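Visitor: I'd like to walk through this protein with you and ask how each label is earned. Could you show it to me?

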Amino acid sequence: MFSRAWDWICNRIRRLLFPILLRWSTHVHTDVRRLTRNTVIKLGGPSSLSTEARAMQFVSRHTSIAVPKFFDFWRGVDNQGYLVTEFIQDGDRLDREWWSLTEEQKETVRVILRGYIDQLRAIKQPEPSGWIGSIDGKGAHDYRADSTRFGPFRTMTGFHD
């Protein structure tokens with residue numbers, strides 16, 4: 001109970017100080033800014049960021065996959081979405097390091113990633129089950145294909161069509 005109250009207090013303070021923190025923040029990625037030593041904020045569409053927050057929490061609860069800790073999400077008066085998470089400081093980006101890895105190291109990465117995929121595939125779908133879509137039971141986003149939502153689908157055939 002104390003932890004939830006403390007989280008609420010921290011989130012209220014963070015929201016109050018947000019304009020100041022944003023001015024002092026540094027860009028990590030296009031829509032991601034580092035607020036403090038341990039936190040980042042992602043700015044974007046409120047619907048997609050809300051779904052991302054729920055997915056992060058869901059994966060964290062149901063797997064051993066390392067996911068940044070979720071701190072807060074809100075929709076601002078500007079209709080902008082704000083997602084605050086833990087800043088992961090350790091490690092190098094795989095897309096930048098892949099070509100410098102030995103074959104043995106690459107195989108180790110493949111085994112780890114295969115384990116992550118197996119864990120994700122083993123998760124039971126939230127109720128009501130029987131749909132293909134995002135964690136909230138609504139349509140999903142795939143920014144590689146299009147920025148609009150698609151689905152949810154009742155069958156694999158519907159998904160593939």
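**How the labels are earned**

Guide: Gladly! Let's begin with the largest pocket, which holds about 1300 Å³ of space. Its lining takes in 29 residues, and A66, P68, I88, D90 and R93 are the closest to its centre. Please keep in mind that this is a predicted model.

Visitor: What makes a residue part of the lining of a pocket?

Guide: A lining residue has an atom within 4 Å of a pocket point. Several elements supply at least two such residues each: β1 (26-29), β3 (39-44), α2 (46-62), β5 (81-86), α3 (94-97) and α4 (103-122).

Visitor: Which element gives the most to that lining?

Guide: That is α4, with 5 residues.

Visitor: How are the elements arranged along the chain?

Guide: There are 5 helices and 7 strands. Read from the N terminus, they run α-β-β-β-α-β-β-α-α-β-β-α. The C-alpha trace spans about 45 × 45 × 35 Å along its principal axes.

Visitor: Back to α4 for a moment. Why is K106 called buried?

Guide: K106 sits in helix α4. Buried means under 20% relative accessible area. K106 has 9%, so it is buried. Leaving aside residues up to four places away in sequence, K106 touches W98, W99 and L101.

Visitor: What makes those touches count as contacts?

Guide: A contact means heavy atoms within 4.5 Å. For the chain, 45% of contacts between residues at least 6 apart in sequence join residues at least 24 apart.

Visitor: How much of the chain is buried?

Guide: Buried residues make up 25% of the 161 residues. The accessible surface comes to about 11900 Å², and 56% of that belongs to carbon and sulfur atoms.

Visitor: Why is W8 called exposed?

Guide: W8 is found in helix α1, residues 2-24. The cut-off for exposed is over 50%. W8 stands at 57% relative accessibility, so it counts as exposed. W8 and F153 are 145 residues apart in sequence, with their C-alpha atoms 36 Å apart in space.

Visitor: And why does R154 count as exposed?

Guide: R154 lies in the loop between β7 (146-150) and α5 (156-160). Its relative accessibility is 79%, so it passes the cut-off of over 50% and counts as exposed. The C-alpha atoms of R154 and I132 are separated by 6.3 Å, though the two residues are 22 apart along the chain.

Visitor: How do you know that the bond joining G151 and P152 is cis?

Guide: Omega is about 5 degrees there, and the bond is a cis peptide bond. P152 is in the loop between β7 and α5. As a general point, most peptide bonds are trans.

Visitor: What makes the phi of N79 worth a look?

Guide: Phi of N79 is near 65 degrees, a positive value in a residue other than glycine. In general, most residues other than glycine have a negative phi. N79 is placed in the loop between β4 (70-75) and β5.

Visitor: Why is N79 called partly exposed?

Guide: Partly exposed lies between the two cut-offs, under 20% for buried and over 50% for exposed. N79 is at 46%, so it counts as partly exposed.

Visitor: How many charged side chains of each sign are there?

Guide: The chain has 24 positive and 19 negative side chains. The centres of the two sets lie 7 Å apart.

Definitions and conventions: Residues numbered from 1 in each chain as written. Predicted model: local features only at pLDDT ≥ 70, side-chain atom pairs only at ≥ 80, totals over all residues. Heavy atoms only, no water. Helix = DSSP H or I, 4+ residues; strand = E, 2+ residues; numbered from the N terminus. Buried < 20%, exposed > 50% of the residue type's maximum accessible area, 1.4 Å probe, protein only. Areas by Shrake-Rupley, 256 points an atom, 1.4 Å probe, with all protein chains shown as cover. Lys, Arg positive; Asp, Glu negative; His and termini not counted. Charge placed at Lys NZ, Arg CZ, Asp CG, Glu CD. 1 Å grid on protein atoms, 1.4 Å probe; cavity = no way out; pocket = protein on both sides within 12 Å on 5 of 7 lines; lining within 4 Å. Points joined across faces, edges and corners; volume = space filled by probe spheres on them.
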